[in-house]
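Here are my notes on the model you sent round. Have it open next to you while you read, and tell me where you'd look again.

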Amino acid sequence: MEHLHLNPHLLNVPLYVAGKPIEEVQEEYGLTEVIKLASNENPLGMSALARAAFERALNEAHRYPAVGDRNLRRKLAGLYNTRHNATFTQDNFLTGNGIGDVLRMITESFIFDGGETVICSATFPLYRILTTQFGGKLVAVPHKNYYHDLPAMLDAITSDTRLVILCNPNNPTGTLISRDHVNEFMARVPPHVVVVFDESYYEIVEDPNYSNAIEFIHQGRDQVILLRGFSKVHGLASLRIGYALGTHAMIEYLHHAQLTFNTGDPVFYAAMAALDDQAHIDAVRQLIATEKHYLYEGLSELDLSFIPTAANFLLLVDLPRATKYIYEELLKRGVIVRVATGFGLPDAIRVSIGTHRENEKFLHALKDTLRSANGK
Ligand SMILES: Cc1ncc(COP(=O)(O)O)c(C=O)c1O
């Protein structure tokens, strides 16, 4: 490699550490039953309608993608117009190979010849990775009791700031930025900064004071981009599809960074069918709402501290043992969780909300781990 011209920006990129796969833990620990609560996946899987649509579209899978992308964007426009009494068109939407890919397009579009991205110190690692990849500077503003510190983030903006990324609800803390706080932020943010609202967990949020970021796009603020996806409530994480909503001008600009045929038609058709399956969406929301409280109670009984969540995962904080120890002991008991090191919180553990049986197994394994740590 020493004779080759390597990209110095890439050499600075921290590699993304994904949640450990079930098969790996089965092999390593010789276990048959392993549950994964490490990647905020949908415990009920994908909708049967989405699966059927995907399978139907496979008949044409030998062809390059055709109108799937356009049809999905049209469908989204119709849906948002009904829901928000708005006048969006397909040109307000940009699809990608997951929200991650859309984030890449945004970063590539605004981080060039330097530039800064402002984020919360405890948030989704991809923002840091992408900014570094494109040679930008990351400005991580310390979280305030696990929430975004929006006034401090505004203060961190300089003439070099290109992006501010607000993860709402925030991964890994599960905390929400309310409508009032979004309004205050948007009233003060300077016009040269792009504000990205990553709302990956949007459909799971129950709080009526949740963000209204979409209104700013409807009002024509080019600097606002909203991200939503299909990996969480819709259960299509491995099909890789997500989208951005922005003004026509912004979306047209972002298209310059889009890879041709970045997602296949079977995926677009699965996504459209998933949007239609309200019964499945409701079932997922209901499960998370119920199981969240089951976990709250179980963790309280174990005297453990956690951050109340607006999403489908929980952050355990102020743990009585080292996170690495708890993580490994849980693995031995067939439960995969995530130490939040890559998310800026090495002393916290994030656990995804699973089915009742999975949550029961997690609480049981955790209790056992803490008991054995105490020598009882
Ligand atoms: C906050 C946040 N943004 C983006 C993503 C990536 O989503 P996708 O699977 O659509 O790429 C995730 C996935 O966990 C996430 O938590």
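1. One term before anything else: two strands count as paired if DSSP finds at least two bridges between them. With that in hand, take β7 and β8, which run antiparallel and are joined by four bridges. One of the facing pairs there is glycine on glycine, with G229 opposite G242 in β8. Keep in mind throughout that this is a predicted model.

2. Now zoom out to the sheet those two belong to. Seven strands make up an open, mixed sheet, and reading across it gives β2-β8-β7-β6-β5-β3-β4. Its edges are β2 (93–96) and β4 (137–141), each of which pairs on one side only. On average, neighbouring strands are turned by 20° against each other if you ignore direction.

3. Which strands does β5 pair with in the parallel sense? On one side there is β6: residues 161–167 of β5 and residues 194–198 of β6 pair that way over five bridges. Strand β3 (residues 116–120) also pairs with β5 in the parallel sense, over three bridges. V164 is a handy landmark, since V164 stands opposite V195 in β6 and is also the bridge partner of V118 from β3. A little further along, L166 has F197 in β6 as its bridge partner.

4. How many residues of β5 are buried? Seven of its seven, so the strand is mostly covered. The link onward from β5 is worth tracing by eye: β5, helix α8 (residues 179–188) and β6 form a right-handed β-α-β unit.

5. The next step repeats the motif. β6, helix α9 (residues 213–218) and β7 make a right-handed β-α-β unit, and β6 and β7 pair in the parallel sense over four bridges. For a register check, look at D198, whose bridge partner in β7 is L227.

6. Why call β7 largely enclosed by the rest of the structure? Because six of its six residues are buried. Burial here holds for both faces of β7: V224, L226 and R228 point one way, I225, L227 and G229 the other, and all are buried. If you're picking side chains to inspect, note that R228 is among the buried ones.

7. On to the helices that pack on this sheet. Helix α4 (residues 68–84) lies across β2 and β8 (242–245), and runs at about 130° to β2. Helix α5 (residues 99–110) touches β2, β5, β6, β7 (224–229) and β8, with its direction at about 45° to that of β8.

8. There is also a second sheet to look at, an open one of four strands with antiparallel pairing in the order β9-β10-β13-β12. Here the edge strands are β9 (305–307) and β12 (338–339), each pairing on one side only. β9 and β10 pair in the antiparallel sense over three bridges, and I307 stands opposite L315 in β10.

9. G174 is my favourite spot in the model. Where does G174 sit? In the loop between β5 and α8. G174 has 24 C-beta neighbours inside 10 Å, which is why it counts as buried; the cut-off is 20 or more. Leaving aside neighbours within four places in sequence, its contacts include P169, I307, T309 and L315. F313 is another of those contacts: the two are 139 residues apart in sequence, yet their C-alpha atoms are 6.7 Å apart in space.

10. Next, the domain split. The protein is divided into domain 1 (8–46 + 279–373) and domain 2 (48–277), with 25 Å between their C-alpha centres. Across the boundary, 33 residues of domain 1 are in contact with 37 residues of domain 2.

11. Which elements give two or more residues to the domain 1 side of that boundary? They are α1 (8–11), α12 (278–301) and β10 (313–317). The largest share, seven residues, comes from α12. By class, the domain 1 side has 20 nonpolar, ten polar and three charged residues.

Methods. Residues numbered from 1 in each chain as written. Predicted model: local features only at pLDDT ≥ 70, side-chain atom pairs only at ≥ 80, totals over all residues. Axes fitted to C-alpha atoms, helices over the stretch in contact; angles between N-to-C directions. Contact = placed C-beta atoms within 7 Å. Domains from an automatic or database assignment. Nonpolar A, V, L, I, M, F, W, Y, C, P; charged D, E, K, R; others polar. Buried ≥ 20, exposed ≤ 12 C-beta atoms within 10 Å, placed from the backbone. Right-handed = clockwise from strand over helix to strand, strands pointing away.
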